[in-house]
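Could you take me on a walk through this model in my viewer? I would like to know what to select at each stop and what I will find there.

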Amino acid sequence: MIRNSFDIGPEGWHSYDYHGEIVTGAGIFVLATWQREGGVDGSGFIWADQSRWSTDVPERPISILALIHYRNWVGLGPVDLRQAEVSVCLRGDDLKLYGATCYFWVHSPGVRWHFSGNPIPIMDGQWAPEPSRFVLENDESLWHRSYSSEEFQRRSYGQGGPRLDDVLGEVHSYGFSFIGFDREVQGRLSLGKFEIVAGT
């Protein structure tokens, strides 16, 4: 089980500022803001906004990695998420999507897949009465590979590229993205309780 209750802090969650990385030449990950109360059932929660994220141009389609969690940031190794069940509470406040849809994604070094078969609804100004729950089906027709480095493909997988099964079986990071916008998403995205239960 993976669980973030946000009782004592942001628990390793960040946003990704791709444009900042271009300027500095180093990865720019901005720690999410933690609030002790005001989350689901009055619990703690985290949030980020457009001041912490920017469009990730190498992704196809262009994406915003609004919330991102690398397991090694909290001293953990990769995890097998094949057929795992995710439960998440997201909330928007003055969130202007400009046509974007929110997706869960998984990442191993050099490749990212977005769970495009499962758009995640975001209520504005309030928490949904029930968490969004979905199973990470190991079926490439339900996912979109948004990024794969050429070097990674040559070294590890040849012309076929990295398969979803390989990535889901060894996930190093995961998070929530915006895809399909016609201008950069503005406003606040909050994350309440988050859980992943291993598949059977």
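**First stop: Leu97**

Start by selecting Leu97, which has a relative accessible area of 28% and so is partly exposed. Leu97 sits in the loop between β8 (85-96) and β9 (101-108). Keep in mind as you go that this is a predicted model. Now show what surrounds Leu97: apart from neighbours within four places in sequence, its contacts are Phe178, Phe181 and Val185. To get a feel for distance, draw a line from the C-alpha of Leu97 to that of Asp166; the two are 32 Å apart in space and 69 residues apart in sequence.

**Zoom out**

Switch to a cartoon view of the whole chain. You should be able to pick out three helices and 15 strands. The radius of gyration is 16 Å, close to the 16 Å from the globule rule for 200 residues, so the protein is as compact as a globular protein of that length. Its C-alpha trace spans about 50 × 45 × 30 Å along the principal axes.

Colour by accessibility next: 48% of the 200 residues count as buried. The accessible surface is about 9400 Å², and carbon and sulfur atoms hold 48% of that area. If you prefer a contact map, look at the contacts with a separation of 6 or more: 77% of them are between residues 24 or more positions apart.

**Into the core**

In soluble globular proteins, nonpolar side chains tend to be buried together. Here the largest nonpolar core has 41 residues, and the members that touch the most others are Leu81, Phe104, Leu136, Phe176, Phe178, Leu191 and Phe194. Colour β5 (45-49), β7, β8, β9, β10, α3 (164-168), β14 (173-179) and β15 (186-197), since each supplies at least two residues of this core.

Select Leu81 and display its surroundings. Setting aside residues within four places in sequence, Leu81 is in contact with Ile2, Val106, Leu136, Leu168, Val171, Tyr174 and Ile196. There is also a second, separate core of six residues, among them Tyr16, Tyr18, Ile68 and Trp105.

Now move to Ala66 in strand β7 (residues 63-70). Is Ala66 buried or exposed? Its relative accessible area is 0%, so Ala66 is buried. Beyond residues up to four places away in sequence, Ala66 touches His14, Ser15, Ala48, Trp53, Phe176, Ser177, Phe178 and Leu189. Asp49 lies 17 residues from Ala66 in sequence, with 7.7 Å between their C-alpha atoms.

**Rings and charges**

Show Phe, Tyr and Trp side chains as sticks. How many aromatic pairs does a search of the whole structure find? There are 18 aromatic pairs. Try Tyr70 and Trp73: their ring centres are 4.8 Å apart and their planes are at 50°, so this pair is tilted. Tyr70 is buried at 18% relative accessibility, while Trp73 is partly exposed at 34%.

Compare that with Phe115 and Trp143, a stacked pair with 4.6 Å centre to centre and 20° between the planes. Phe115 is in the loop between β10 (111-114) and β11 (123-124), and Trp143 is in the loop between β12 (132-135) and β13 (144-148), so the pair ties together parts that are 28 residues apart in sequence. Phe115 and Trp143 are both buried. To widen the view, select Trp13, Phe104, Phe115, Phe134, Trp143, Tyr174, Phe176 and Phe194, which ring pairs link into a cluster.

Two arginines are worth a click as well. Arg183 lies over the face of Tyr98, 4.4 Å from the ring centre, and Arg188 lies over the face of Trp47, 3.6 Å from the ring centre.

**Backbone details**

Turn on the backbone atoms and centre on Arg60 and Pro61. A cis peptide bond joins Arg60 and Pro61, with omega about 0°. Pro61 belongs to the loop between β6 (55-56) and β7.

Go on to Gln83, in the loop between β7 and β8. Gln83 is not a glycine, yet its phi is positive, near 65°. With a relative accessible area of 30%, Gln83 is partly exposed. Asp94, in strand β8, also has a positive phi, about 50°, without being a glycine. Asp94 is exposed, with a relative accessible area of 59%.

**Last stop: Ser132**

Finish at Ser132 in strand β12. Ser132 counts as buried, at 18% relative accessibility. Leaving out neighbours within four places in sequence, Ser132 is in contact with Val86, Ser87, Val88, Ile120 and Pro121.

Conventions:
Residues are numbered from 1 along each chain as its sequence is written. This is a predicted model: local features need pLDDT of at least 70, side-chain atom pairs count only at pLDDT 80 or more; totals for chains, interfaces and linings use all residues. Side-chain values use heavy atoms; hydrogens and water are left out. Rings of Phe, Tyr and Trp (its six-membered ring) pair if their centres lie within 6.5 Å; planes under 30 degrees apart count as stacked, over 60 as edge-to-face and the rest as tilted. Buried means under 20% relative accessible area, exposed over 50%, partly exposed in between (1.4 Å probe, protein chains only). Helices (H or I, at least four residues) and strands (E, at least two) are DSSP runs, numbered from the N terminus. A charge sits over a ring if NZ of Lys or CZ of Arg is within 6 Å of the ring centre and within 35 degrees of the ring normal. The radius of gyration is taken over C-alpha atoms; the globule rule is 2.2 Å times the number of residues to the power 0.38. Contact means heavy atoms within 4.5 Å. Accessible areas come from the Shrake-Rupley method with a 1.4 Å probe; for residues, only the protein chains shown count as cover. A nonpolar core is a set of buried Ala, Val, Leu, Ile, Met, Phe, Trp, Tyr and Cys residues joined through side-chain atoms within 4.5 Å.
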